[in-house]
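Work through the exercises below with the model open beside you. Try each task before reading its solution.

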Amino acid sequence: MAVDVVTFGCRLNTYESEVMKREADAAGLGALKDGAIIFNTCAVTSEAVRQARQAIRKARRDNPEARIIVTGCAAQTEADDFAAMEEVDLVLGNEEKLKSNSYRMLPDFGVNQFEKVRVNDIMEVRETASHMVDAIEGRARAFVQVQNGCDHRCTFCIIPYGRGNSRSVPMGGVVDQVKRLVGNGYREVVLTGVDMTSYGPDLPGSLRLGKLVKTVLKEVPDLERLRLSSIDSIETDEDLMEAIANEHRLMPHLHLSLQSGDNMILKRMKRRHLREDSIEFCHAVRALRPDIVFGADIIAGFPTETDEMFENSIGIVEECGLTHLHVFPFSPRKGTPAARMPQVDRRAVKERAARLRAAGDRAYANHLDTLVGTRQKILVEREGIGRTAGFTLAGIDTGVAGTIVERLVTGHDGDKLLTAAQDLRAA
């Protein structure tokens, strides 16, 4: 039976799940009579952990004899809690999950129950290997890990304790992985990491993300579209700004880790930017690349947030020209400083999150309006659906997943662009 990997959370987890499946198969899990299910968990919110637990229990009910392995960030930070679940056979840390030997810890391979937890100190990890993958199952675009971990300690975030300190993949390894994926037919590649704009200082020559982007585009001329996952705008370097301005193969879409639009809340979060920095960055990038599209993460109801402070977060949606908004109602994570701060009433948190989402919906609808009548090159994700260069959802009449088609935008339905079926030209 094949190894089944269930992935929660970020794009980096998606990439790592592909590595895990390969390593688990190499360890022989695919030969187990009743199969194996690996849960690659996320720890970013309490809700993400709850969903993982729920999925594990359901998997055990549906597959009573299968071997269940739990790994990922939540397993790293809450190993004992997952080990206490009777449904779980093995708990692996974030470093261990990428090694085939770790999957030989199952009882089927002669290991006793005292070794149910295999989670080492993630803070001791100093390097990030370049794990080569040939494809990302079920994905039209490929992800390439360039960095892992985080050196910052935002007061709401548990992720550094799940991922460890920041460490970068050597540039040559990134280039080789991109070449491999493009050679296998991928036309769009996404560079991803936990704190991607911190890329490079731990490598010889003190590289930065901008240099990496320029090098990938230069060394892989057949790559048609390069995309960046979430970035921290305050860490943006000169080379990256030049690439945004001049490299048409670098997609005009940036997802920003803003978290709040209020300076006092940003200070209490221990963020390294002010609202003015975010606004200035967005204006500067838009001057360089007028077609740029911004997404952002914003937390609603952070501890001590007043109505006035929240209004600053509402206001920054328009001031930065944000289009794709990811709204997180604040939920305290055990072990973080924010969990010990005075909490906002849960009903107020939910109301603020709803208002932020509504503001995001209005901004997104305005964005869709501006694209009507334009021609867009769309990467087909699945039948009838694709994404523009600016990562806007688009309906299409036909196209094979992973190909790029050009369409005329005739309208939108509030969720996605509508395109003309008769205007068919393969890009």
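**Exercise 1. Find the exposed residues on the face of H11 turned away from its buried side.**

Solution. Keep in mind that this is a predicted model. Look at the face of H11 that points away from the buried side: Asp307, Glu308 and Glu318 are exposed there. Now turn to the buried residues of H11. They are Met309, Phe310, Ser313, Ile314, Ile316 and Val317. Seen down the helix axis, these buried residues fall within an arc of 155°, so they line one face of H11. Last, ask what covers them. The cover includes helix H9 (263-269), H10, S12, S13 and H12.

**Exercise 2. Check the span of H11 against its number of residues.**

Solution. H11 has 13 residues. The expected span is 1.5 Å times one less than that number, so H11 should span 18 Å. Its end C-alpha atoms are 18 Å apart, which agrees. Then step just past the helix: Gly321 takes a positive phi of about 65°.

**Exercise 3. Classify the ring pair Phe281 and Phe294, and say which parts of the chain the pair ties together.**

Solution. Start with the count: the structure holds three aromatic pairs. In this one, the ring centres are 6.5 Å apart and the planes stand at 55°. Planes under 30 degrees apart count as stacked and over 60 as edge-to-face, so this pair is tilted. Next, place the residues. Phe281 lies in helix H10 (residues 275-288) and Phe294 in strand S12 (residues 293-300), so the pair ties together parts 13 residues apart in sequence. Both Phe281 and Phe294 are buried.

**Exercise 4. Do the same for Phe302 and Phe330, then find the cluster they belong to.**

Solution. The centres of Phe302 and Phe330 are 5.4 Å apart, with 75° between the planes, and the pair is edge-to-face. Phe302 sits in the loop between S12 and helix H11 (307-319). Phe330 sits in the loop between strand S13 (322-329) and helix H12 (346-371). The pair links distant parts of the chain, 28 residues apart. Are these residues buried or exposed? Phe302 has a relative accessible area of 0%, so Phe302 is buried. Phe330 has 4%, so Phe330 is buried too. To finish, widen the view: ring pairs link Phe156, Phe302 and Phe330 into a cluster.

**Exercise 5. Find which rings Arg153 and Arg387 lie over.**

Solution. Arg153 lies over the face of Tyr161, 5.5 Å from the ring centre. The charged end of Arg387 sits over the ring of Phe391, 4.3 Å from its centre.

Technical notes: Residues numbered from 1 in each chain as written. Predicted model: local features only at pLDDT ≥ 70, side-chain atom pairs only at ≥ 80, totals over all residues. Heavy atoms only, no water. Phe/Tyr/Trp six-rings, centres within 6.5 Å; stacked < 30°, edge-to-face > 60°. Helix = DSSP H or I, 4+ residues; strand = E, 2+ residues; numbered from the N terminus. Buried < 20%, exposed > 50% of the residue type's maximum accessible area, 1.4 Å probe, protein only. Lys NZ or Arg CZ within 6 Å of the ring centre and 35° of its normal. Arc of directions from axis to C-beta. Contact = heavy atoms within 4.5 Å.
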